[in-house]
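Could you work through a few exercises with me on how the helices of a small puzzle like this fit together? Have the picture open and try each task before reading its solution.

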Amino acid sequence: MLDGVSLDQLRAFIAAADQGSFSAAGRTLRRAQSVVSQAISNLEDQLGVTLLDRSHRSPRLKPQGVVLLADARVVAAGVA
């Protein structure tokens, strides 16, 4: 499922899910908000699913995002 997905994409996704915003995720990762947003958008395109519902003030995990978040945490922890 995660073939071709970069660690940076996963870290951006985890940070956005944990922080509740792309801006806060960017501050956590020391990246611009636009870089975080683009990484997550590219991740969604690669996987062919929408991970975050962006229709609210802050992004919310969709069901596919909940599933990926658990896997992403395992991968990120394994690398660290």
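Below are six exercises on this predicted model, each with a worked solution.

**Exercise 1.** Work out how helix α1 is set against helix α3, and which residues make the contact.

*Solution.*
- Step 1: find the two helices. Helix α1 covers residues 7–19, and helix α3 covers residues 33–47.
- Step 2: look at the axes. They come within 9 Å and cross at roughly 110 degrees. Angles of 65 to 115 degrees count as roughly perpendicular, so α1 is roughly perpendicular to α3.
- Step 3: get the handedness. This crossing of α1 and α3 is left-handed.
- Step 4: list who touches whom. From α1 come Gln9, Ala12, Phe13 and Ala16, and they meet Val36, Ala39, Ile40, Asn42, Leu43 and Gln46 in α3.
- Step 5: sort those residues by class. The contact of α1 with α3 has 7 nonpolar and 3 polar residues, with no charged ones.

**Exercise 2.** Do the same for α1 and α2: what is the crossing angle, and is the crossing left-handed or right-handed?

*Solution.*
- Step 1: helix α2 spans residues 22–29.
- Step 2: the axes of α1 and α2 come within 8 Å, crossing at roughly 120 degrees. That angle makes α1 oblique to α2.
- Step 3: α1 passes α2 in a right-handed crossing.
- Step 4: on the α1 side you'll find Arg11, Ala12, Ala15, Ala16 and Gln19, and these meet Phe22, Ala24, Ala25, Thr28 and Leu29 of α2.
- Step 5: by class, the contact of α1 with α2 splits into 7 nonpolar, 2 polar and 1 charged.

**Exercise 3.** Describe how α1 packs with α4.

*Solution.*
- Step 1: helix α4 runs over residues 63–79.
- Step 2: α1 and α4 pack at an angle of about 120 degrees, their axes being 9 Å apart. The two helices are therefore oblique to each other.
- Step 3: α1 and α4 make a left-handed crossing.
- Step 4: Leu7, Leu10, Arg11, Phe13, Ile14, Ala17 and Asp18 are the α1 residues here. Their partners in α4 are Gly65, Leu68, Leu69, Ala72, Arg73, Val75, Ala76 and Val79.
- Step 5: the contact of α1 with α4 divides into 11 nonpolar, 1 polar and 3 charged residues.

**Exercise 4.** Which residues touch the most other members of the largest nonpolar core, and which element gives the most to this core?

*Solution.*
- Step 1: start with a rule of thumb. In soluble globular proteins, nonpolar side chains tend to be buried together.
- Step 2: the largest nonpolar core has 19 residues, and Phe13, Phe22, Val36, Ile40, Leu43, Leu51 and Leu52 touch the most other members.
- Step 3: the elements giving two or more residues to this core are α1, α2, α3 and α4. It's α1 that gives the most, with 6 residues.
- Step 4: zoom in on one of them, Ile40. Leaving aside neighbours within four places in sequence, Ile40 is in contact with Ala12, Phe13, Ala16, Phe22, Leu52 and Arg54.

**Exercise 5.** Is Val5 buried or exposed, and what does Val5 touch?

*Solution.*
- Step 1: Val5 sits in the segment before α1.
- Step 2: its relative accessibility is 15%, and the cut-off for buried is under 20%. So Val5 counts as buried.
- Step 3: beyond its neighbours within four places in sequence, Val5 is in contact with Leu10, Leu43, Gln46 and Leu47.
- Step 4: take Gln46 from that list. Val5 and Gln46 are 41 residues apart along the chain, yet their C-alpha atoms are separated by 7.5 Å.

**Exercise 6.** Place Arg30, Pro63 and Asp71, and sort them as exposed or partly exposed.

*Solution.*
- Step 1: Arg30 lies in the loop between α2 and α3. With a relative accessible area of 76%, Arg30 is exposed. Though not a glycine, Arg30 has a positive phi of about 60 degrees.
- Step 2: Pro63 belongs to α4 and, at 61% relative accessibility, counts as exposed. Pro63 and Thr50 are 13 residues apart in sequence and 9.1 Å apart in space, C-alpha to C-alpha.
- Step 3: Asp71 is also found in α4, but at 34% relative accessible area Asp71 is partly exposed. From Asp71 to Leu10 the C-alpha distance is 9.4 Å, with the two 61 residues apart in sequence.

Definitions and conventions:
Residues are numbered from 1 along each chain as its sequence is written. This is a predicted model: local features need pLDDT of at least 70, side-chain atom pairs count only at pLDDT 80 or more; totals for chains, interfaces and linings use all residues. Side-chain values use heavy atoms; hydrogens and water are left out. Axes are lines fitted to C-alpha atoms, for helices over the stretch in contact, and angles run from 0 to 180 degrees between N-to-C directions. Helices (H or I, at least four residues) and strands (E, at least two) are DSSP runs, numbered from the N terminus. Angles under 35 degrees count as roughly parallel, over 145 as roughly antiparallel, 65 to 115 as roughly perpendicular and the rest as oblique. A crossing is left-handed if the near helix is turned anticlockwise from the far one by less than a right angle, and right-handed if clockwise. Contact means heavy atoms within 4.5 Å. Ala, Val, Leu, Ile, Met, Phe, Trp, Tyr, Cys and Pro count as nonpolar, Asp, Glu, Lys and Arg as charged, and the others, Gly among them, as polar. Buried means under 20% relative accessible area, exposed over 50%, partly exposed in between (1.4 Å probe, protein chains only). A nonpolar core is a set of buried Ala, Val, Leu, Ile, Met, Phe, Trp, Tyr and Cys residues joined through side-chain atoms within 4.5 Å.
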